[in-house]
Amino acid sequence: MNRPRLIVAVIALLAIVLVVFGFLGDWYWFTAVGYEDVFLSILSIRIVLFLIASAVFFGFAYVNIRYAAKNAARMQGESTDGFSIAVFFAGLLAFFTGLSASGAWDTVFKYLNQAPFGISDPIFGFDVGFYVFSLPFYNLLLNLCIVLFILTLILSALPYLLNLPGDILRSKIFSRPEGEGETEYVDVSPFTRMLKAYLPQLNALLFLTFAGLALRLWLARFDLLFSETGAVVGAGYTAVHITLPVLTILSGVGFVIGVGFLVNEKFERIEVITYGIAAFVAIAFIGMVAGVVVQTLIVEPDELNLEEEYLNYNIGFTLAAYDLDTADEALFPVAYNLTAADIRENSATIKNIRLWDWRPLKTTYEQLQLFRTYYDFNDIDVDRYHFDGTYKEVLVSAREMNIRGLQPQAQTWVNTHLIYTHGYGAVMNPVDEVTDDGLPVFYLKDIPPVSPYFTLDEPRIYYGEETGNYVVTDTTTDEFDYPAGDQNAYHIYDGTGGVGLDNLVTRLIYALKFGSVELLVSGSLTDKSKILFHRSIADRARTIAPFLSYDADPYIVVVDDRLYWIIDAYTTANRFPYSEPYSVSTVGGQRLNYIRNSVKVVVDAYNGDVTYYVVDPEDPLIRTYDNIFPGFFKAFAEMPDALKGHVRYPQGLFQVQAALYATYHMKDPRVFYNKEDAWVIPDEIYRGSRQRMDPYYVIMNLPGEEAEEFILMLPFTPRNKENMIGWMAARSDGAAYGSLVVYQFSKQELTYGPMQIEARIDQDTEISQDITLWSQSGSSVLRGNTLVIPIEDSIIYVEPLYLEATEKGTLPQLKRVIVAYGDRLTMQDTLGEALAVIFGGETGDISDTGEAGIGDLPPVSENDREKLVRIAELYDLASQALDDGDLGLYQKYFDEIGRVAAS
């Protein structure tokens, strides 16, 4: 064997070894987590698709290339090397075609196992499943065929082209015309000779190409239902009456052109082709012009009447696609007649008003509960628990291991993969309780965990949001458990997670997978050692089930003395007819027009066990995936009751639904067309700037319901106005889980919106002066979320204030609570005191648990208030002087400001 072939053989062997090792590495992991059937199913379909696509492509191209090579050689009367070159390219292109086809396994699987939607489109009458499952498959198949025909056409021309230089040298042919005595040279073009030889095959390939293009135009008619041009999402008047017939005609003309190529060799009727192409171009041009004319001269002058039918389709199908068609709607008459007795009767709601904004609270957590730089709180989540019979909303965060927090010189392979392997415990506090120092009251804290309500038997977090690196457990190197004074506690992992490293082959597989020679040579590893990877819960769930989309905000749950993660998983599509598309940042940045939160994924933080529970069995996509992977999903009824109590409606889905409902609540196509009742999600103030309000969880009693429940809510304001027009709520408890309800306020009466409350706070002389004073001398005031709290038939607004130092190591503290109700506004030490000021009577006792004594802010004296008023006056005068260009007067006023401030 010569050297080049030896090198190629070695490279091929290495590639095969790497592929086999990669397969084994994945196989061992999927077997360890119990989902090897899913792995094999996906791998099998991908291999089958690769082989079929590659074989079809290569076989079709090979037959055509072989025929072309023989024909070219016959034309020249000699052999040619064009065949081998063309076959090489055919093999290369077949390989990439196979890869492309294997990547579309999800499309093929869904087509073969589709479940109907039970909704038909209004134009063609097909079930929505045709557009979601069948049409993508047909387009995939047709696109691959068109690519095959075009590339084969090019590859088949190679043998002729490679023989062309030799043919050019023999392009002078002698002929002696009859009746003449001298020799004459007649030029015959080599290109003509080549084309004549290639023409029969070329005609056949052009027929197939045009037939494929004709079918593509036929399928393009269905794409009109996803059009985003004009006043309607989907096919409008012009599309239905002009574009659709034109595409149908063009499809037929395209097929006739293809037939013209097919019969051209026998009948030599080139005019069929030329006239066909001319007709195609003319019809396309006329169709384009007709579309513009009809849209401009007929539709736009009477757009509302002509598009009304299609607007109805757009509204109805969008509401159905985003599960908004089942939302209950009700009027919410605001009476502003609450009394102290009403406040006491709604004590469960009042005691669950979230005074702790997660943003400053995260900083407080980090200062009070991290203890070491290698721990981290990724975020803070909202949940609810029952404590001594009381339904309580809480904030909770997992204390995870963050290797990046180690000193750079300490980030060795041993520390990163053998010692610092896991986080430890979680922190929890109720949303409303505050210590005398303005700090949270912890229900769960410290290392080891301390709690009056929980006994956390297994607090270790081997699988979390920040556990991106692999670790090796059960080695001769002790795993760090937690700091214990001057000593450290250590631990040996005894969970079920991980893949055993009990032989050299397994170590070699993962050494290659992770590029880590240490897995081969480290003396710390034993036959009992296990490697834990895919430890990031989002990556773990996505690796097992890549056909689902996942919410960006998993949350930690304390259940049965253990820690679990819950991830909301979605089924999505972008081919739902007449549905408004939406780009969802919280679902991986997808652009979709159908979404369901059909699955709840539960991950054991210690063992890494992953379970997929179906909460929406009516979703056609989840029924399709259940057909593809039988036994993969578990029914929601199989979820332990303790976990069911922590399932919540996801913010990511709710944000999408709220944004769309702000427009699509207008079900009358005339109102929708004019956007005369469009809503928007309001803004609020945080750190001195406006930002979009996020949905928030609250425990409250919905109108007409008998008991408080955990809901997710968000207010709406009219477009270009700040008053509140309504609010949407998503229910999370019991049988009502997943229900949406929308309450609308009267359009004849003013209901303050969040920014109007913010403006009233800014305009309140006493509050604004106090905030200005507290913001001096190295401190800053943070205004938390403006919460809109419906109670009975009224609305109260609550906004907490936090004080923090401006230097590094700040510790935000809750210091004041602002409450607004109707025309009344107050800022007090506690929520209970603020409610007492607003409503009178004895209301303070219902929400002052743990809030007593918050009064350590600097007192604001009458003299200080007078100084602030004078400073404000001088500032206005100085600004006016600057506007007038009087710099001397400007300086005078600012000197006066300094003297007043120093007095």
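Reader: What makes the length of helix α8 close to the one expected at 1.5 Å a residue?

Author: The model is predicted, and in it helix α8 comprises residues 270-299, which are 30 in number. From its first C-alpha to its last, α8 reaches 41 Å, against an expected 44 Å.

Reader: Which residues of α8 are buried?

Author: In α8, the buried residues are Ile273, Gly276, Gly287, Gly291, Val294, Gln295 and Val299.

Reader: Why is Ala235 called buried?

Author: Ala235 has a relative accessible area of 3%. The cut-off for a buried residue is under 20%; Ala235, at 3%, is therefore buried. Ala235 is located in the loop between α6 (190-223) and α7 (237-267). The C-alpha atom of Ala235 is separated by 9.3 Å from that of Tyr313, 78 residues apart along the chain.

Reader: What makes Ile85 partly exposed?

Author: Ile85 has a relative accessible area of 33%. Partly exposed residues lie between the 20% limit for buried and the 50% limit for exposed, so Ile85, at 33%, is counted as partly exposed.

Reader: Why can Ile85 belong to a nonpolar patch on the surface?

Author: A patch residue needs over 30% relative accessible area, and Ile85 has 33%. With Ile85, the patch consists of Phe88, Phe89, Leu92, Phe95, Phe96, Leu99 and Leu162, and together these residues have about 720 Å² of accessible area.

Reader: Which helix gives the most to the nonpolar patch?

Author: Helix α3 (residues 82-102) gives the most, with seven residues. Ile85 lies in this helix.

Reader: What makes strand β32 mostly covered?

Author: Strand β32 spans residues 794-805, and 11 of its 12 residues are buried.

Reader: How do you know that β32 pairs with strands β30, β31 and β33?

Author: Two strands pair if at least two bridges are found between them. Strand β30 (residues 779-783) and β32 are antiparallel and have five bridges, and five also join β31 (residues 787-791) to β32 in the antiparallel sense. Seven bridges join β32 to β33 (residues 813-821), again antiparallel. Each of these counts meets the limit of at least two, so each of the three strands pairs with β32.

Reader: Which residues stand opposite one another in these pairs?

Author: Val781 is set opposite Leu803 in β32, and Ile789 opposite Ile796 in β32. Val798 stands opposite Val819 in β33.

Reader: Where is Glu792, and what is its phi?

Author: Glu792 is in the loop between β31 and β32, and the hairpin of these strands has two residues between them. Although Glu792 is not a glycine, its phi is positive, about 55 degrees.

Reader: Why is Glu792 called partly exposed?

Author: The relative accessible area of Glu792 is 43%. This value falls between the limits of 20% and 50%, so Glu792 is partly exposed.

Reader: Where is His534, and what is its phi?

Author: His534 is in the loop between β14 (530-532) and α16 (537-544). Its phi is positive, about 50 degrees, although His534 is not a glycine.

Reader: What is omega for the cis peptide bond that joins Ile447 and Pro448?

Author: For this bond, omega is about -10 degrees. Pro448 is in the loop between β8 (426-430) and β9 (460-461).

Reader: Which residues touch the most other members of the largest nonpolar core?

Author: They are Ile353, Tyr375, Trp727, Ile796 and Leu831, in a core of 144 residues. A second, separate core has 84 residues, including Tyr443, Val472, Phe533 and Tyr555.

Conventions. Residues numbered from 1 in each chain as written. Predicted model: local features only at pLDDT ≥ 70, side-chain atom pairs only at ≥ 80, totals over all residues. Heavy atoms only, no water. Helix = DSSP H or I, 4+ residues; strand = E, 2+ residues; numbered from the N terminus. Expected span 1.5 Å × (residues − 1). Buried < 20%, exposed > 50% of the residue type's maximum accessible area, 1.4 Å probe, protein only. Patch = residues over 30% accessible without salt bridge, like charges linked within 9 Å, V, L, I, M, F, W, Y side chains within 5 Å. Areas by Shrake-Rupley, 256 points an atom, 1.4 Å probe, with all protein chains shown as cover. Salt bridge = Lys/Arg side-chain N within 4 Å of Asp/Glu carboxyl O. Core = buried A, V, L, I, M, F, W, Y, C linked by side-chain atoms within 4.5 Å.
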